[in-house]
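Colleague: I am new to this one, so could you walk me through the terms as we go?
Modeller: Gladly; let us have it in front of us.

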Protein chains: 2
Amino acid sequence: LQPAEEAVPGGATALVAAGVLDGVQAVFGLHADPANPVGTIGVSAGPITSAADLLDIRLHGPGGHTGRPHQTADLVHIASRVVVDLPMDLGLLCDPRDGLNVTFGSVHAGVAPNVIPTEARLLGSLRASGRGAWEAAPEHLPRLLAAIVEPRGATWELDHQRGAPPVVNDPWAVSHVVRAANAVVGSDSVRPTVQSAGGEDFSWYGDIAPLGYLRLGVHRPGADRVDIHAGSFDLDESAIALGARVLAGSALEALVELGARTN
Amino acid sequence: LQPAEEAVPGGATALVAAGVLDGVQAVFGLHADPANPVGTIGVSAGPITSAADLLDIRLHGPGGHTGRPHQTADLVHIASRVVVDLPMDLGLLCDPRDGLNVTFGSVHAGVAPNVIPTEARLLGSLRASGRGAWEAAPEHLPRLLAAIVEPRGATWELDHQRGAPPVVNDPWAVSHVVRAANAVVGSDSVRPTVQSAGGEDFSWYGDIAPLGYLRLGVHRPGADRVDIHAGSFDLDESAIALGARVLAGSALEALVELGARTN
């Protein structure tokens, strides 16, 4: 369990700080997966969720008249430059395999067609499927932002709210999940899962011990497919027992091997 | 006189359509100039105001999640692309000496950092110091906008409100203004004037007859300098008589020469 999986930075860090995971040698977890039918288990080694941070950028300029952009800072242009250039600039400093994705959901500046505004605000998300790009971003972002904004005569503020890094499944831990899942649902129902673009603070447990995180099929065949965060989401409750059995089985498999190593 | 100088397209076109200028052989006009002291006259041949249109661009897309920009149209990026690329694209199709200036005063799209919006709106002005760029813009804008927006999966609407073309002073008409002004204020107080970035629908009269448009100094020495469109604007009223005398003198000078040509 981890409280507040999608808050920033997430409840998992509080549990780690409280020492709950001290001495733990493997961590297993699951997430409901409405894209797959009940009775299936999805699991893969490597990253299976993404890092997701929030960006809140405010720009300030002296304002002016659109007839005389050269006498001021053209703040709508500068905000647009940030949207166009910042993702590319940052992307070129990161390993392409880390799947960096900086996408803005909101831009607001100005009110009139012929008045250059004094403020602009951009809201966006920074995601990465690999941990390297996510770790490098806070170092690069302020420098790149300054390089876009300041030569054009404006100033900037960046509020970078860090989310969680990707959940990276450990091959050793995953091997125990696969064995347990084979026993519970049969090997034909144990499938590789793809990396999600969503964030998941379970990832922080990976700093303590190897992770085995699985996707539990919860879709009742024939029912409507409803998004997991929608108010009308429902699941086939037989999935609960299957999930509990796979988690317990994974832990037992791991304990057996860890015990054999010690003896 | 022309009613509604700064409305779009301006009152001058109504007067031309009403036939008020039929048979007119020269047109003289003036504009108060608070940047120069009363007793001075500014006049130059060639363009002395700018064309100024309004642009209102609406973009529409399917919307989506910032974690999955590839499954939709990234509308904040597309709006920013319009701000960055449209002025440059249009500028490269116009004579650089026409001084094209497309500057946006407002951009609005989206509310959340992690939701790709379905709508964006841009407001801006299109100005040109030369008439060629202003005349070519309506032909080029829709094609260029389509080329930026449509390949990225969004749609667009353009509301292009045409203003007036630049006032282009005729050298022959200006020579009469200069002679009349020399007689009224003395040749030391008759000065060249620079082209304004503002719009002025007096320009339409240039389609009927040669224009002689002057800048009448109205600033009372020692008084605060207040913008001409501010509510607290005041002028040195002695400028009114000076302006009337220069306009009447210009017309008389022109009539003398036109009469000499006819006789």
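What follows is a short conversation about the words used for this structure.

Modeller: This is a predicted model, in which local features need pLDDT of at least 70, side-chain atom pairs count only at pLDDT 80 or more, and totals for chains, interfaces and linings use all residues. Residues are numbered from 1 along each chain as its sequence is written, chains are lettered from A and ligands numbered from 1 in the order in which they are written, and side-chain values use heavy atoms, leaving out hydrogens and water.

Colleague: What makes the relation of chain B to chain A that of a two-fold axis?
Modeller: Copies are superposed by least squares on the C-alpha atoms of residues with pLDDT of at least 70 in both. Here a rotation of 180 degrees with 0.2 Å of shift along its axis brings chain B onto chain A, with an RMSD of 0.1 Å. That is the relation of a two-fold axis.

Colleague: How do you know that the copies meet through the same surface?
Modeller: Because 97% of the interface residues of chain B are also interface residues in chain A.

Colleague: Why is chain A called more spread out than a compact globule?
Modeller: The secondary structure of chain A comes to 5 helices and 12 strands (DSSP runs, H or I of at least four residues for helices, E of at least two for strands, numbered from the N terminus). Its radius of gyration, taken over C-alpha atoms, is 23 Å. The globule rule, 2.2 Å times the number of residues to the power 0.38, gives 18 Å for 263 residues, so chain A is more spread out than a compact globule. Along its principal axes, the C-alpha trace of chain A spans about 75 × 45 × 30 Å.

Colleague: What makes E1 and E11 of chain A edge strands?
Modeller: Two strands pair if DSSP finds at least two bridges between them. The open sheet of chain A has 4 strands in the order E1-E12-E2-E11, with mixed pairing. Strands E1 (27-37) and E11 (190-191) of chain A each have a single partner strand, so one side of each is left without a neighbour in the sheet. E1(A) pairs with E12(A) in the parallel sense over 8 bridges, and Asp33(A) stands opposite Gly217(A) in E12(A).

Colleague: Why is Tyr205(B) called buried?
Modeller: Buried means under 20% relative accessible area, exposed over 50%, and partly exposed in between, with a 1.4 Å probe and protein chains only. Tyr205(B) has 3%, so it is buried. Tyr205(B) sits in the loop between strands E11 (190-191) and E12 (211-219) of chain B.

Terms used
Contact means heavy atoms within 4.5 Å.
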